[in-house]
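Here are my notes after a pass through the model you sent over. Have the structure open while you read.

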Amino acid sequence: MPEQIKDLVDWLLGPKIYFLLSVVGFWAMIQFRAFWTQAWVAGGIFVFGVVFFALSMGDRDFTLIVAKPDNVPISIMFVSIGFLLWLSFRKMVINDRLIAKGLPTFEARESRRRVFCWPDLVYSEFLCLIILSVLLLVWALYLKAPLEEPASSARTPNPSKAPWYFLGLQEMLVYYDPWLAGVVFPLQIITGLMAIPFIDINPKGNGYYTFKERPFAIVTYLFGFIVLWATLIVLGTFLRGPNWNFFGPYEFWDPHKVEALNNVNLSEYVYNVLLERALPSNILLRELPGFLAVALYFGALPPVLANFGFRKIYSQLGFIRFNVLANLLLFMAALPIKMLLRWAFNLKYIVAIPEYFFNI
Amino acid sequence: MTLLKSITETQIWKSLFRHKYPDNPRDQALAVLSNVFLHLHPIKVKKSGVRMSFTWCMGGITFFLFLVETITGVLLMFYYRPTVEFAFNDIKALREHVPLGIMRELHRWGAHAMVISVWLHMLRVFLTGSYKPPREFNWNVGVILLVLTLLLSFTGYLLPWDQLAIWAVTVGSNMARAHPIIGHEGPGASFLQLGDVPLVTAASDVRFALISGRVVGAATLLRFYVLHCVAIPLGAGVLMAVHFWRVRKDGGISGPM
């Protein structure tokens, strides 16, 4: 592959453009679902991806990171998510067209018919089991499980990475402190997932693929799963090297790469830049702007949204459901918001009380 | 044909199978009903529900991978001692002394595959709206099973006791030290004091409870081993029983009302 293309890709995949591209790509996936789910377009994207991947394997730095045994599942995840998204969006598009014409969905036509579990279900389960066993055996025979040097608490590897499925969380550490990125956000993800059936009271779309009958639910969930979870895992695994610095896929992992970090707290912006005076010695006074910002974000936004813009949703959901939903959405939006603030204003902390480990 | 008949007419065969070859409705029903494993299934299902393109078979794949992990895991336990002295060398011996040995490979790749298949199962259930009433509770059981799957994978990650293992677990468990109030580097922890004596320290906080020490060490290895091989699989097993049972009780595989 020519060096110019490699340089272009390395530049394109910087954390900022990478994330923005994944958001734009996500928007395009939703918006143009009727177009890209056609067999020839999806096939074309797949072939392009395979060719690009094959050409990239010629690059030493790329191969080094992608072919690492523990990183292979990420490529498998990438391909299977892509394929299954195609499959489900295809079904959504077809069903939505049927619904628009007033016809029963694909599933509705078939669900009236009942078939015996033996053989219809049992056989396909058995087939699935055999195929998966073969794939696992081939994978296991072909690729050795990794075993590095014996454990030593004296030698810290650089970079130190969590297991691959937690790398989206580790990537969040760039923008938030561990108490948020490592504790509060994961707990919010779990409780948020558990709350889904109780927040989403839309009775439609139960048991069949549809987009138009529940666009908000699908966009929100997929944004969380695809953009905030899966693509951040890819970023954290393939594009973060020593010192958690960013490295393009064709870039050498140089441990001496220097990146300037001169991030500024909100309190410093307000007092030093805006009011042109020294920071107050009283911590609460010093961090007042940050506290106000957070309080407004979580406290004032939900009632404002309930009265403007989301009025209909509020009346449908009621007070408690709406506030739970708003709170979860605001937590979800907190990551992209902090990313944008960091990139645009070098903002470090909104509330910065390192004395008590309370940084937001 | 007579050979087949002479087998299926024996007392041994008849003691195993209480039905004829399932090529008619009665025996098809009996094949599922009279088998303890198959009777997880109903006798009949919606045609839409048995389509692979609808279910992706992801729930079944996840369960199958759990069984693979159980079987390979039991075999690995024969040759593995969870102590700092032996752990790494036992794994190394497995690698060097067993020709064509793939138990550890099957276990590791199966575990990665299971994490992916759980996510994809969840994606399918969401996209088909299958968490909606009456299946809210089962979705919640599923979320807990997802967390248990990640914990199983995380605790297993430490057991080879190599650099990869110890540092991945160190990075992961370091998050616990930042837990608000109950982590010694978390916000609010420094307010919990008796006189001058801090109550939440590196030797008493939630991270200490998790890894059983100030750093990932011998006690952590044993603790994660027990969690990985006994505690979490038992919990997951119970919840899986609930999960499967509720699928049946909530009307089987989801479909349009």
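The points below go from the overall build of one chain to individual side chains.

1. A caveat before anything else: this is a predicted model. Please read every value below as computed from that model.

2. Let's start with the fold of chain B. DSSP gives 11 helices and three strands there. Reading from the N terminus, the order is α-α-α-β-α-α-α-α-α-α-β-β-α-α. So that you can find your way around: three helices come before the opening strand, and the other two strands sit side by side in the order, followed by two helices.

3. Now the overall dimensions. A compact globule of 257 residues would come out near 18 Å in radius of gyration, whereas chain B has 24 Å. The C-alpha trace of chain B spans about 85 × 55 × 30 Å along its principal axes, which is worth having in mind when you turn the model around.

4. How much of chain B is buried? Of its 257 residues, 51% are. As for contacts in chain B with a separation of 6 or more, 62% are between residues 24 or more positions apart. The accessible surface of the chain is about 12,500 Å², and carbon and sulfur atoms hold 70% of that.

5. On charge, chain B carries 24 positive and 14 negative side chains. The centres of those two sets are 12 Å apart. Over all chains, the structure holds 14 salt bridges, and I picked out a few of them for a look. As a general reminder, side chains of opposite charge can pair when their charged atoms come close.

6. Take chain A, where A:E3 and A:K6 form a salt bridge at 3.7 Å, N to O. Why is the spacing in sequence of interest? Both belong to helix 1 (residues 3-12) of chain A and are three residues apart, so about one helical turn separates them. Is A:K6 buried or exposed? At 10% relative accessible area, A:K6 is buried, because the cut-off for that is under 20%.

7. Chain B has a pair in helix 6 (residues 87-97): B:K92 and B:E96 are four residues apart there, about one turn of the helix. Their closest N and O atoms are 3.9 Å apart, and the two form a salt bridge. B:K92 has 34% relative accessibility and is partly exposed, while B:E96, at 52%, counts as exposed.

8. Another pair in chain B is B:D250 with B:R246, a salt bridge with 3.5 Å between the closest N and O atoms. B:D250 is buried at 11% relative accessible area, and B:R246 is partly exposed at 23%. Back in chain A, salt bridges that share partners link A:E3, A:K6 and A:D59 into one network.

9. Which residues does A:E110 touch, leaving aside neighbours within four places in sequence? The contacts are B:K47, B:S48 and B:R51, so here a chain A residue meets chain B, with heavy atoms within 4.5 Å. A:E110 is in helix 7 (residues 106-111) of chain A and is buried, with a relative accessible area of 13%.

10. Last, a residue in helix 4 (residues 39-56) of chain A, namely A:V41. A:V41 is buried at 10% relative accessible area. Not counting residues up to four places away in sequence, A:V41 touches A:F35 and A:W36.

How values were computed. Residues are numbered from 1 along each chain as its sequence is written. Chains are lettered from A and ligands numbered from 1 in the order in which they are written. This is a predicted model: local features need pLDDT of at least 70, side-chain atom pairs count only at pLDDT 80 or more; totals for chains, interfaces and linings use all residues. Side-chain values use heavy atoms; hydrogens and water are left out. The radius of gyration is taken over C-alpha atoms; the globule rule is 2.2 Å times the number of residues to the power 0.38. Buried means under 20% relative accessible area, exposed over 50%, partly exposed in between (1.4 Å probe, protein chains only). Accessible areas come from the Shrake-Rupley method with a 1.4 Å probe; for residues, only the protein chains shown count as cover. Lys and Arg count as positive and Asp and Glu as negative; His and the chain ends are not counted. The place of a charge is taken as NZ of Lys, CZ of Arg, CG of Asp or CD of Glu. A salt bridge is a side-chain nitrogen of Lys or Arg within 4 Å of a carboxyl oxygen of Asp or Glu.
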